[in-house]
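Work through these short exercises with the model open beside you. Try each task before reading its solution.

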Amino acid sequence: MTVSTERLSLVFTGILVTCALVITALVLRRELSDLLANAATGAPPRTIANWHHLSQDGERVGLADAPVRIVVYSDYQCPFCRQQHTILQDIRARFADRVAITFKHVPLMSIHPLARQAALAAECAARQARFEAYHNLLFEHQSRLHPGYWDSLAIEARLPNLEAFRDCMERELPAARIDRHVMQADSLGIRSVPTLVISDRILQGMRPAQELERQILEVMNRQGHR
């Protein structure tokens, strides 16, 4: 191969690599735009069958026999999930024992690199019966999350055994549960977070309090609850 031919080959290879990088960036940008659009603007609700089992295999806040069960698929680094979390706290305050919420993890690792570690930390806290406290702190301190922050939140959430928490994180003991949540979300056609399931209805994208209240009251009326 002559020098000129070799140079031409290198230039051609460089062009191909550049094109591949540009195409990949455009695809990722489009996927990110779709995710953000879906999260910010809720799609119309759709109904599903065999929804009763969805409230299993997650951390529940509220009574097991509450007439209305909400399942939340969420990501601790998602700003829309944080807003939805605040709305759900208000919903719980209004409906008290009539509503139970089960939380499930769908960490979007392509855009939220700490989301899976945050989910692992929440589940490790759950093993010491401190899920709700840790879960709330993750959203409260969302803008300050970093890889070395999990212990600080564990102390603030008053976990009784910090060493057990550290061992849980190091060994990623709850990883299988998080993977099941992701697979379940995929099987339901969930493409963005937050997504809520209220009874047999999937509400994808962030939802205002008024809509959630209406959905909850409809479920309660169908069941004969007031």
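**Exercise 1: Around one tyrosine**

Task: list the residues in contact with Tyr-134, leaving aside its neighbours within four places in sequence.

Solution. Start with the alanines: Tyr-134 is in contact with Ala-121, Ala-122, Ala-125, Ala-154 and Ala-157. Then add Leu-153 and Leu-159. Finish with the aromatic residues Trp-150 and Phe-165. One of these contacts deserves a second look, and Exercise 4 returns to Phe-165.

**Exercise 2: How far to trust the model**

Task: state the average pLDDT of the protein chain, and find a stretch where the pLDDT is below 50.

Solution. This is a predicted model. Step one: the protein chain averages a pLDDT of 86, and 81% of the residues score at least 70. Step two: the pLDDT falls below 50 over residues 19-39. Beyond near neighbours in sequence, that stretch has 15 contacts in the model. Step three is a caution: where pLDDT is low, the predicted coordinates should not be read in detail.

**Exercise 3: Fold and core**

Task: write down the order of elements in the protein chain, then say which residues touch the most other members of the largest nonpolar core.

Solution. Count the elements: the protein chain has eight helices and six strands. From the N terminus on, they run α-β-β-β-α-β-α-α-α-α-α-β-β-α. Next, look at contacts with a separation of 6 or more: 77% of them are between residues 24 or more positions apart.

Now the interior. The protein chain has 226 residues, and 44% of them count as buried. The largest nonpolar core holds 62 residues. Those touching the most other members are Ile-70, Tyr-73, Tyr-134, Leu-138, Trp-150 and Phe-165. Helix H3 (residues 115-126) gives this core its largest share, eight residues.

Last, the surface. The exposed area of the protein chain is about 12200 Å², and carbon and sulfur atoms supply 55% of it.

**Exercise 4: Aromatic pairs**

Task: for the pairs Phe-103 with Phe-131 and Tyr-134 with Phe-165, give the geometry.

Solution. The count of aromatic pairs comes to three; two are worked here. Phe-103 and Phe-131 lie 5.9 Å apart centre to centre, with 40° between the planes. That angle is neither under 30 degrees nor over 60, so the pair counts as tilted. Phe-103 sits in strand S4 (residues 99-105) and Phe-131 in helix H4 (residues 131-140), 28 residues apart. Phe-103 and Phe-131 are both buried.

Tyr-134 and Phe-165 also form a tilted pair, at 5.7 Å centre to centre and 40° between the planes. This pair links helix H4, which holds Tyr-134, to helix H6, which holds Phe-165, across 31 residues. Tyr-134 and Phe-165 are buried.

**Exercise 5: Cysteines**

Task: find the disulfide, give its handedness, and decide whether Cys-78 and Cys-81 are buried or exposed.

Solution. The structure holds one disulfide. It joins Cys-124 to Cys-168, with 2.1 Å from S to S. Cys-124 lies in helix H3 and Cys-168 in helix H6 (residues 162-171), so the bond links distant parts of the chain, 44 residues apart. The torsion about the S-S bond of Cys-124 and Cys-168 is about -85°, so the disulfide is left-handed. Cys-124 and Cys-168 are both buried.

Now test the other two against the 20% cut-off for buried. Cys-78 has 4% relative accessibility, so Cys-78 counts as buried. Cys-81 has 2%, so Cys-81 counts as buried too.

Methods:
Residues are numbered from 1 along each chain as its sequence is written. This is a predicted model: local features need pLDDT of at least 70, side-chain atom pairs count only at pLDDT 80 or more; totals for chains, interfaces and linings use all residues. Side-chain values use heavy atoms; hydrogens and water are left out. pLDDT is the predictor's confidence in each residue, from 0 to 100. Contact means heavy atoms within 4.5 Å. A nonpolar core is a set of buried Ala, Val, Leu, Ile, Met, Phe, Trp, Tyr and Cys residues joined through side-chain atoms within 4.5 Å. Buried means under 20% relative accessible area, exposed over 50%, partly exposed in between (1.4 Å probe, protein chains only). Helices (H or I, at least four residues) and strands (E, at least two) are DSSP runs, numbered from the N terminus. Accessible areas come from the Shrake-Rupley method with a 1.4 Å probe; for residues, only the protein chains shown count as cover. A disulfide is a pair of cysteine sulfur atoms within 2.5 Å. Rings of Phe, Tyr and Trp (its six-membered ring) pair if their centres lie within 6.5 Å; planes under 30 degrees apart count as stacked, over 60 as edge-to-face and the rest as tilted.
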